[in-house]
Amino acid sequence: MNKPTLDTFYDELVKTLFQDVIFYIPSEIIPTNVLNNLESQIPKHFLDEISLLDVYHGFGEFDLIEYNERLIKKPKLFEDAIFYLLGKQKELDTPKFNYILNKYMDKVEFYCAIVNWLSINLKTFNSNLDFGTIGMFEIQNEIYKTHFIELINCFYTEKQFSFKKYYDLSEIIKIYIPDLISRIDQYNLEVPIEATIKVPKQDEKAEKDTIKTEKSQDKPKKRIKKEPLISEKEAEDFLLTNVFNIKLNNHGKETKD
């Protein structure tokens, strides 16, 4: 039967959308009755905080320096997803390929809308943010948007793809959120920790590191401190030039041309 193969094909594509995403969920946008019903199911330190979604380990605390390293790899993941689609396009008959492609595009469009909303409303729901964190949300938004555009350019003509203009809240709660939760549970079961984290060979150290990765709803999310890949000034110049389209001269000042 072809179904398991198609399921695997689709799951591998969707997994890239969930990998290393920073987000926040303001409690004030959730209806009071919904919030009360979900109170016992929502972990502490989850609402009203910037968090990281790790597809293999679940939800954790956002750390600017660590996420800088993760975000650098995101464009390559999306590029590989397109190559994967191009390869499958040659293998599968047209109806099957189009079915998977359209299902994936629905997810891509939804997460593009989400990360765009997060970027636009970041300051509204999060006070006292540093420049680097604001930049990470902007870059994340641009990476998802670029992937969406590249997919359309590769597999659709302008008239073939119909953009969705609005997502109903009930649709998000009934369709997209349950799908996200079920997939995270699935990926946590299927993918071992060693797939993405290198654990030292010493048995004692490996055991300690494994214990540290265990999640608990009663404990705050952990931070992983690492040296930055670039200085704060270099990061600021990069963001100004590449995200906000502000040209700088050799002295770091804005130019008029």
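**Helices and a three-stranded sheet in a predicted model**

From the N terminus on, the elements of this chain follow one another as α-β-α-β-β-α-α-α-α-α-α-α, helices (H or I, at least four residues) and strands (E, at least two) being DSSP runs numbered from the N terminus. This is a predicted model, in which local features need pLDDT of at least 70 and side-chain atom pairs count only at pLDDT 80 or more, while totals for chains, interfaces and linings use all residues. Residues are numbered from 1 along each chain as its sequence is written, and side-chain values use heavy atoms, with hydrogens and water left out.

Student: How many helices and strands does the chain have?
Tutor: The run of elements opens with a helix, then a strand, and ends on helices. Counted by type, the secondary structure comes to nine helices and three strands.

Student: In what order do the strands of the open sheet lie?
Tutor: Three bridges join β1 (residues 21-23) to β2 in an antiparallel run, and I22 stands opposite L52 in β2. Four bridges join β2 to β3 (residues 58-61), also antiparallel, where two strands pair if DSSP finds at least two bridges between them. The edge strands, each pairing on one side only, are β1 and β3, and the order is β1-β2-β3.

Student: Which residue of β3 stands opposite L52?
Tutor: β2 and β3 form a hairpin with three residues between them. Within β2 (residues 51-54), S51 and L53 point one way and L52 and D54 the other, all of them buried, that is, under 20% relative accessible area with a 1.4 Å probe and protein chains only, where exposed means over 50% and partly exposed lies in between. The residue of β3 opposite L52 is G60.

Student: Are α3 and α6 roughly parallel or roughly antiparallel to each other?
Tutor: The axes of α3 (residues 64-91) and α6 (residues 131-155) come within 11 Å and cross at roughly 5°; axes are lines fitted to C-alpha atoms, for helices over the stretch in contact, and angles run from 0 to 180 degrees between N-to-C directions. Angles under 35 degrees count as roughly parallel, over 145 as roughly antiparallel, 65 to 115 as roughly perpendicular and the rest as oblique. The two helices are therefore roughly parallel.

Student: Which element gives the most residues to the largest nonpolar core?
Tutor: A nonpolar core is a set of buried Ala, Val, Leu, Ile, Met, Phe, Trp, Tyr and Cys residues joined through side-chain atoms within 4.5 Å, and among the 55 residues of the largest one, L85 and Y104 touch the most other members. The elements giving two or more residues to this core include α1 (3-18), α3, α6 and α7 (169-190). The most, 11 residues, come from α4.

Student: Which residues of the chain is Y104 in contact with, leaving aside its neighbours within four places in sequence?
Tutor: Contact means heavy atoms within 4.5 Å. On that basis, Y104 is in contact with Y10, L13, V14, T16, L17, A81, L85, H147 and L151.

Student: Is S119 buried or exposed?
Tutor: S119 is found in α4 and, leaving aside neighbours within four places in sequence, is in contact with F137, E138 and N141. S119 and E142 are 23 residues apart in sequence and 9.8 Å apart in space, C-alpha to C-alpha. At 10% relative accessibility, S119 counts as buried.
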